[in-house]
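Q: Here is a model to go through. Please give the criterion behind each label as well as the value.

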Amino acid sequence: ANTPVEGKSDSATPKNPTAFSSDCADIHLIFNPIPPAVAPTGDAIDSIPLAGGFTVGRLTRKPGVVFDHPLRAPSVGLSVEEIVCNLKLLTVNCLIPIKNRYPNVFFTNTFRPVGIGSPTSQHPRGQAADMQFRGVTKKEYFEIAQVIRDLVPYDQLLLEYKTTGSGLPWIHISFNKSGNRRQVLTFLNDQTYAQGL
């Protein structure tokens, strides 16, 4: 009962849903408009539509997310356009299906600048999101992670537990258009606790 998953573990082989979309042609047109139109910069980046009612601002700024990290400049060798494309693909392939299944989900952060969190984080690339669920117990996070594992395509799915701070768990998901590893891990206090859930 002292383990992060309250005595449960699941090392089942994940199903392998295929990606719904890898198309960013619409994002390319936004950043490469026909003159005299100009590409968005500054606060205008927040208004770029991604999919399903999500915009860049809704996934990077308060009140859409808990942690406010405006996307304003290139990061980790990627242009703003490439990061927005990654956010769109994360949204279409992962976030919208999860939101449809769990309307009580909220995203604590997606894009965030280098230097916050792990040096290998996919967040500065716009490829990752952290989420929590309103009205859900710690035990239910394990069950939700099992459903998500088989619901959407992903690169990494991390079920993360904390014994410090609020003690509330969260789920991290990432999507990589170049290829997904389908890696599933359970974390405790920012350290790998187990392979699988």
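Q: What volume does the largest pocket have?
A: The largest pocket fills about 580 Å³. The volume is the space filled by probe spheres set on grid points, which are joined across faces, edges and corners. Note that this is a predicted model: local features need pLDDT of at least 70 and side-chain atom pairs pLDDT 80 or more, while totals for chains, interfaces and linings use all residues. Residues are numbered from 1 along each chain as its sequence is written, and side-chain values use heavy atoms, without hydrogens and water.

Q: What makes a set of points a pocket, and what makes a residue part of its lining?
A: The grid has 1 Å spacing and covers the protein atoms alone. A pocket is an open set with protein on both sides within 12 Å along at least five of seven lines; a cavity is a set where a 1.4 Å probe fits but cannot get out. Lining residues have an atom within 4 Å of a point. Here 23 residues line the largest pocket. Arg 112, His 123, Asp 130, Glu 160 and His 172 lie nearest its centre.

Q: Which strands supply at least two residues each of that lining?
A: They are β3 (105-109), β4 (128-133), β5 (156-161) and β6 (170-174). The largest share, 3 residues, comes from β5. Strands (E, at least two residues) and helices (H or I, at least four) are DSSP runs, numbered from the N terminus.

Q: How many lining residues of the largest pocket are nonpolar, polar and charged?
A: The lining has 6 nonpolar, 12 polar and 5 charged residues. Ala, Val, Leu, Ile, Met, Phe, Trp, Tyr, Cys and Pro count as nonpolar; Asp, Glu, Lys and Arg count as charged; the others, Gly among them, count as polar.

Q: What is the S to S distance in the disulfide of Cys 24 and Cys 85?
A: The two sulfurs are 2.0 Å apart. The criterion is a pair of cysteine sulfur atoms within 2.5 Å, so Cys 24 and Cys 85 qualify. A search of the whole structure finds 1 disulfide. This pair links distant parts of the chain: Cys 24 is in the segment before α1 (25-31), Cys 85 in helix α3 (residues 80-101), 61 residues apart. The link of Cys 24 and Cys 85 is right-handed, with 90 degrees about the S-S bond.

Q: Where is the nearest cysteine sulfur to Cys 94?
A: It is that of Cys 24, 13 Å away, and Cys 94 is in no disulfide.

Q: Why is Cys 94 called buried?
A: Its relative accessibility is 0%. Buried means under 20% relative accessible area, exposed over 50%, and partly exposed in between (1.4 Å probe, protein chains only). Cys 94 therefore counts as buried. Both Cys 24 and Cys 85 are buried as well.

Q: Why is the pair of Phe 54 and Phe 107 called edge-to-face?
A: Rings of Phe, Tyr and Trp (its six-membered ring) pair if their centres lie within 6.5 Å; planes under 30 degrees apart count as stacked, over 60 as edge-to-face and the rest as tilted. The structure holds 3 aromatic pairs. For Phe 54 and Phe 107 the centres are 6.2 Å apart and the planes at 70 degrees, so the pair is edge-to-face. Phe 54 lies in strand β2 (residues 54-55) and Phe 107 in strand β3, so the pair ties together parts 53 residues apart in sequence. Both Phe 54 and Phe 107 are buried.

Q: What angle lies between the planes of Tyr 102 and Phe 133?
A: The planes are at 75 degrees and the centres 5.6 Å apart, so this pair is edge-to-face too. Tyr 102 sits in the loop between α3 and β3, and Phe 133 in strand β4, 31 residues apart. Ring pairs link Tyr 102, Phe 133 and Tyr 141 into a cluster.

Q: How far is Arg 58 from the ring centre of Phe 54?
A: Arg 58 is at 4.2 Å, over the face of Phe 54. The criterion is NZ of Lys or CZ of Arg within 6 Å of the ring centre and within 35 degrees of the ring normal.

Q: Which bond joins Pro 35 and Pro 36?
A: A cis peptide bond joins them, with omega about 15 degrees. The bond from Lys 62 to Pro 63 is also cis, with omega near 0 degrees. Most peptide bonds are trans.

Q: Why is Asp 190 called partly exposed?
A: Its relative accessibility is 45%, so Asp 190 counts as partly exposed. Asn 189 is partly exposed at 28%. Asn 189 lies in the loop between β7 (183-188) and β8 (191-195), as does Asp 190. Phi is near 50 degrees for Asn 189 and near 70 degrees for Asp 190. Most residues other than glycine have a negative phi.
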